[in-house]
Amino acid sequence: MSDQTASTPDAVASVPSNRRRRGWGAFFRDIVVIILIALAVSFLVKTFVVRSFYIPSASMNNTLIEQDRILVDELTPRFGQYSRGDVVVFRDPGGWLDHAPQPARPPLVEGADWVLSLFGLSAPDSDDHLIKRVIGTPGDHVVCCNALGQTSVNGVPLDEPYVKLFPGATAPNPVPYDITVPQGSLWVLGDNRNSSKDSRFNQDQPGHGFVPIDNVVGRAFLITWPFSRFGLIDFHHNVFAGVPAPEATP
C-alpha cells in the first residue's frame, strides 16, 4: 500500500479538524490576553487618572443625591490647583465622620469587593470619604452671613443657585463664621447647606474646619449612574467670577 498523501480523502478531511483545534485555542488565548490588558489598564486608570465613588448622604442635594455614582479626576489637580466652586472628594481630616461599626460581610463578598476595587469597579471606601464644594481657597477671607444670609468671599457676597433651601426660604439657616483659609487648605461647604456637616461644623476639630489639600483625592466631574442622571457636574465657576484674589498676608 502506498503512503497516504495530502490528496487522499482521509488526509483532506483531517486538515479542517486540526485547524479548528488550533483556531479555538488561539481564540481563547486572545480573549484571556484582552481581559488581562483591560484589567491592567483599568488598574492604572483607577490609580492615577480617575476613581469611582458613590454618594452615601444627602449633603450635596440636589447637585448629587444618595447612591449617585460619580467619577473623580485625580490627574488634573496634580498639575494645577483647585478653584472655588470645584466639587471635591477628600479623606476625613479628622473627626468629620462618625465611624459607626459596619455589619460583617461574608469573607467571599469582602474579597470580591476588594478585588473589584483594585480595578475601579467597586467603591467600598466611599463611606470613608466626604464630598463638598470648594468655597474658599488659600488666603481667602470667608464670612457668613450678610443681611441677606449670603456667604461672602474676599468681601463679595455669593449668589449660589446650587444651594438647596427649605421650601419658602430665601437663604440657608445662618451659621456665623469669619475665617481666613490658611495655605495648603480649603474651606468647603455642602450644597444642601441646612443638612451638611461641613467646614462650618468642624471648627472645633484639630484642623479647625479646614481641609488639607493633601487629603483631597480629586475633583468630581461626572455622574455615571443612574443613567437618567448621567452628565457632567456643574462647578458654577461663574458664581465666583467677581471674587478678587485674596489680599497678601502681612
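In this predicted model, four strands form an open sheet in the order E7-E6-E5-E8, paired antiparallel. Its edges are strand E7 (156-157) and strand E8 (177-180), each of which pairs on one side only. Strand E5 (residues 141-144) runs antiparallel to E8, and four bridges join them. If you would like one bridge to look up, Cys-144 has Tyr-177 in E8 as its partner.

Now to the annotated site. An unreviewed UniProt entry lists Ser-59 and Lys-132 under "active site". The two span 74 residues in sequence, yet their C-alpha atoms are no more than 7.9 Å apart, so they gather at one spot.

Here is how the two residues are placed:

| Residue | Location | Relative accessible area |
|---|---|---|
| Ser-59 | loop between strand E1 (50-54) and strand E2 (69-73) | 8%, buried |
| Lys-132 | strand E4 (residues 129-136) | 4%, buried |

Ser-59 counts as buried because its 8% relative accessible area is under the 20% cut-off. Lys-132, at 4%, is buried too.

The surroundings are worth a look as well. Leaving aside neighbours within four places in sequence, Ser-59 is in contact with Ile-131, Lys-132, Gly-190, Asp-191, Asn-192, Ser-195 and Ser-196. The side chain of Ser-59 also makes a polar contact with the side chain of Ser-57, at 3.4 Å. With residues up to four places away in sequence not counted, Lys-132 touches Ser-59 itself, and its other contacts include Met-60, Asp-86, Phe-90, Gly-190, Ser-196 and Asp-198. Gly-190 and Ser-196 therefore appear in the contact lists of both Ser-59 and Lys-132.

Notes
Residues numbered from 1 in each chain as written. Predicted model: local features only at pLDDT ≥ 70, side-chain atom pairs only at ≥ 80, totals over all residues. Heavy atoms only, no water. UniProt positions renumbered as here; feature names shortened; annotations may be inferred. Helix = DSSP H or I, 4+ residues; strand = E, 2+ residues; numbered from the N terminus. Buried < 20%, exposed > 50% of the residue type's maximum accessible area, 1.4 Å probe, protein only. Contact = heavy atoms within 4.5 Å. Polar contact = N/O pair within 3.5 Å; in protein donor to acceptor, adjacent residues only side chain to side chain. Pairing = 2+ DSSP bridges.
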